[in-house]
Amino acid sequence: MQNFIYYTPTKLIFGENAISHLVESLKPYGKRVLLTYGGGSIKKIGLYDKVLELLSDFEVYELSGIEPNPKYDPSVLDGVAICKEHKIDVVLAVGGGSVLDCSKAICAGALYDGDPWDLITYKVKAKTALPLVDILTLAATGSEYDSGGVISRTETNDKIGYMDELLFPRVSILDPKYTYSVSKRQTAAGTADAINHVIEQYFAKDTSILTDGMCEATIKSLMKNVVIALEDPTNYKARAELMVDCSLACNGILSIGNSGSGWPCHGIEHALSGYYNITHGEGLAIITPHWMKHILNDNTLERFVSYGVNIFGIDKNLDKYEIANKAIKATSDFFKSINIPMTLREVGIDDSRLQEMAHHIAINEGLENAYAPLNEKDILEILKASL
Ligand code: NZQ
Ligand code: ZN
């Protein structure tokens, strides 16, 4: 087991009517609130009105229109400007991972004098940040329980993961009922994202019985509950289990004490979304089986055997490579079964920029240090196989 420092200061308030804790969650930070949200789903489900009603004693400013794969310009820059102009005390993000991620960058940029991009690219380390409280409406990224955000910059095709302990939400309010309205497509994509978060941690050199067991249980829970939620979108138990699975899938607890894996599928997917603005979970689902096929060899075989036997129940007496190949096929078949498009062409990506993306990934994502190291040629092969 590796040395570790584990730190997750976020208070999770979970369950039906968790929003009754909103006022007490914001009050310690001050009266001036920046309410951030996306394209309007929170209005359709009545959450926007409910939030404003609860915040009647606060001074509320708004930043709306935060898009999936949130953009530095205009969303982060606009949010920072509002915070500075109105001396905002606390940011309240209401939405999915994109709204939360954008809000984290705003929290950091609001108390920084220079260009917030300096912080996102780690040119400068933030000294302080505004506090963030959130109400999550989509189970997927785990942004509600981690210190990271992913910000896109359209003009350079950059999609950059940015982490800082200052950016853990102070409070995350999780009511599974707010996810009832999430479309089938986003429910499937969000679950695929979380499944991949676990896979990225499971495929590592140094793991433990504890972390393997937690990862395997989380993947099984995600696979079972997403099927129920797709058939019955207002099934509370399934939505609740998905929400907790997703929150735990990305905050490090599932790989506590393990060696790092380099998160290769995420490194590759960031370029797909950065260049083509595709849905993150769909990009991951497409890449994952091809990445698996590419890295299967004598060094990684045992991990595939554990994955196949313990998650998909494949007969442990079969030849190890047969188990591994069946496990890869089962992964792909599962994503297909929940109607995720499983080729790059289906999400609008052709072969014209694969080489450029492979180069971008190779120089920016550090995948030569991944669990199974990937150079530019490897990345290009995975992208081509995913077409
Ligand atoms: O914009 P609105 O109208 O709110 O609609 C959103 C959006 O169109 C909709 N939606 C959200 N809640 C809904 C709802 N529709 C109906 N009912 C609801 N209750 O869903 C669409 C997608 O929302 P988005 O926030 O983009 O989805 P997700 O939560 O999957 O976030 C994706 C972003 O998070 C990043 C991804 O790269 C991507 O940019 N990630 C963040 C991570 C983190 N912070 O740790 C880790 C992840 O690996 C990931 O990279
Ligand atoms: Zn992800």
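1. Let's start with Lys-87, which is exposed in this predicted model, with a relative accessible area of 57%. You will find Lys-87 in the loop between helix 4 and strand 4, just after helix 4 ends. Although Lys-87 is not a glycine, its phi is positive, at about 50 degrees.

2. A second residue invites a look alongside it. Asn-157 also is not a glycine, and its phi is positive, near 60 degrees. Asn-157 sits in the loop between strand 6 and strand 7 (158–163). Is Asn-157 buried or exposed? With a relative accessible area of 15%, Asn-157 counts as buried, because the limit for that word is under 20%.

3. Now step back into helix 4, which runs over residues 72–86. Its 15 residues, at 1.5 Å a residue, should span 21 Å, and the C-alpha atoms at its ends are 20 Å apart, so expectation and model agree. Pro-74 has its place in this helix, and the peptide bond that joins Asp-73 to Pro-74 is cis, with omega of about 15 degrees.

4. Which residues of helix 4 are buried? They are Tyr-72, Ser-75, Val-76, Gly-79, Val-80, Ile-82 and Cys-83. Because these residues cover an arc of only 160 degrees around the axis, they lie on the same side of helix 4. The face turned away from that buried side carries the exposed residues Asp-73 and Glu-85.

5. What covers the buried residues of helix 4? The cover includes strand 2 (32–36), strand 3 (59–63), strand 4 (90–95) and strand 6 (148–153), together with helix 5 (97–110) and helix 6 (117–120).

6. Next, please turn to the zinc ion (ligand 2). Its coordinating atoms come from Asp-193 (OD), His-197 (NE2), His-266 (NE2) and His-280 (NE2), at 1.9 to 2.2 Å. Along the chain, these donors follow the spacing D-x3-H-x68-H-x13-H. The pair His-197 and His-280 links distant parts of the chain: His-197 is in helix 7 (residues 184–202) and His-280 in helix 11 (residues 280–295), 83 residues apart. Both of these histidines are buried.

7. Finally, have a look at ligand 1, which has 30 residues around it. Ser-41, Gly-97, Ser-98, Asp-146 and Lys-159 come nearest. A polar side-chain atom of Asp-146 is 2.5 Å from an oxygen atom of the ligand. For Gly-39, a backbone N or O atom lies 2.7 Å from an oxygen atom of ligand 1. His-197, one of the residues that coordinate the zinc ion, appears here too: an N or O atom in its side chain is 2.8 Å from an oxygen atom of ligand 1.

Notes. Residues are numbered from 1 along each chain as its sequence is written. Chains are lettered from A and ligands numbered from 1 in the order in which they are written. This is a predicted model: local features need pLDDT of at least 70, side-chain atom pairs count only at pLDDT 80 or more; totals for chains, interfaces and linings use all residues. Side-chain values use heavy atoms; hydrogens and water are left out. Donors are N, O and S atoms within 2.8 Å of the metal (3.2 Å for Na, K and Ca); water is not among the atoms, so sites may look incomplete. Helices (H or I, at least four residues) and strands (E, at least two) are DSSP runs, numbered from the N terminus. Buried means under 20% relative accessible area, exposed over 50%, partly exposed in between (1.4 Å probe, protein chains only). The expected span of a helix is 1.5 Å times one less than its number of residues. The arc is that of the directions from the helix axis to the C-beta atoms. Contact means heavy atoms within 4.5 Å. A residue is near a molecule or strand if one of its heavy atoms lies within 4 Å of it. A polar contact is a pair of N or O atoms within 3.5 Å; within protein, one must be able to donate a hydrogen and the other to accept it, and residues adjacent in sequence count only if both atoms are side-chain atoms.
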